[in-house]
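Reader: I should like to understand how the descriptive terms for a protein model are justified. May we go through them one at a time?

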Amino acid sequence: RPTYEERRQRTAALYERIANADEAELDGPSRHALICKHRYENGRHPHICPRCFTYRPVCVCDVCSPPWPLPAGLEVVVLMHHDEWGLSSNTGKLAELTMAPARILMKGLPSHDAELAALIEDESVETCVLWPSAAERADWPSEGGGGDRTGGEGRDHVTLEAVQAMQARGRRVAIVAVDASWRNARRMVRKLPPSRVRRLSLNADVLYGDGGPRPSLLAPLRAYNGAMRTELGGSEGSCVCTIEAVVAAVSALGHDAEGCEHALAVARRKVAVVSRYRGK
């Protein structure tokens, strides 16, 4: 990883290039790609572990390995906004460290965008993005007006039961979890082609189990108000963080209970050590 001074110099050079470039030389997407590339290569902060996004003195990488194998044919993809990359309060990064196959893709990084596009275009894979209930997405335009936005299965979303039936037939399934602020997540999901990526909502029973709605395990580090910070469903006071949503989804799709608990245990450990490190 670059030293603090190297990172400072690279950051200053990036800002100067962006500030001095005109629209013809550097359009919006090109600027975004430069920012993403800088964040990916240099990290958010020199004292953050690049693998688990925890402060280096309290890194949790040692408790992550080995990743627990997912059921055959199931894959997890965390689609992360560059603002989330390197945040010590981020839990999405733990997915690739605690389960396999799983990968983290930064939206806007050209090589990662190409990876996501290849996955989406793969006809042998059913790609589903985790998203809140039909009521939450009532303002989304359905493709060609044909999607059912009131529940059930339509052209723009799919039920959990339908995905389970696909698994039973041997079809590969990729679960995409968007890791971003609520505002950015909406923008990112709107850019996914509804003909190839359908929205998958998880009900309260799947998300919370028998205990019912409860505060996220990430609550000590992030304030969950009406505008959800990163995550994927629930009402105020009962949101879930990225790793909780991912675990709920893969559990419903056959992931081993021990593997699910392993991922959540690592997340709880991270929240605890980061909270203490921050003096909370």
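Author: Certainly; let us start with a proline. P101 is found in the loop between β3 (99-100) and β4 (102-106). The model is a predicted one.

Reader: What is the peptide bond from A100 to P101, cis or trans?

Author: The bond from A100 to P101 is cis, with omega near 5 degrees. A cis peptide bond also joins S65 and P66, where omega is about -10 degrees. P66 lies in the loop between α3 (61-64) and β1 (68-69).

Reader: Why is F53 called buried?

Author: The relative accessibility of F53 is 2%. Buried means under 20%, so F53 counts as buried. F53 is placed in the loop between α2 and α3. Its phi is positive, about 60 degrees, although F53 is not a glycine.

Reader: How do you know that L87 counts as buried?

Author: L87 has a relative accessibility of 14%. The cut-off for buried is under 20%, and therefore L87 counts as buried. L87 lies in the loop between β2 (74-80) and α4 (95-98). The C-alpha atoms of L87 and F53 are separated by 6.1 Å, and the two residues are 34 apart along the chain.

Reader: What makes D22 partly exposed?

Author: D22 has a relative accessible area of 46%. Buried is under 20% and exposed is over 50%, with partly exposed in between, so D22 is partly exposed. D22 sits in the loop between α1 (4-20) and α2 (28-42).

Reader: Which residues gather with D22 in a patch of negative charge?

Author: E23, E25 and D27 gather with D22 in this patch on the surface.

Reader: Why is helix α9 described as largely enclosed by the rest of the structure?

Author: Helix α9 covers residues 242-252, and 9 of its 11 residues are buried, so the helix is largely enclosed by the rest of the structure. Among the buried residues of α9 are T242, I243, E244 and V250. Just after α9, G254 takes a positive phi of about 105 degrees.

Reader: How many helices and strands are there in the protein, and what share of the residues is buried?

Author: The protein has 10 helices and 8 strands. Buried residues make up 51% of its 280 residues. Of the contacts between residues at least 6 apart in sequence, 73% join residues at least 24 apart. The protein exposes about 12,800 Å², and carbon and sulfur atoms supply 51% of that area.

Key:
Residues numbered from 1 in each chain as written. Predicted model: local features only at pLDDT ≥ 70, side-chain atom pairs only at ≥ 80, totals over all residues. Heavy atoms only, no water. Helix = DSSP H or I, 4+ residues; strand = E, 2+ residues; numbered from the N terminus. Buried < 20%, exposed > 50% of the residue type's maximum accessible area, 1.4 Å probe, protein only. Contact = heavy atoms within 4.5 Å. Areas by Shrake-Rupley, 256 points an atom, 1.4 Å probe, with all protein chains shown as cover. Patch = residues over 30% accessible without salt bridge, like charges linked within 9 Å, V, L, I, M, F, W, Y side chains within 5 Å. Salt bridge = Lys/Arg side-chain N within 4 Å of Asp/Glu carboxyl O. Lys, Arg positive; Asp, Glu negative; His and termini not counted. Charge placed at Lys NZ, Arg CZ, Asp CG, Glu CD.
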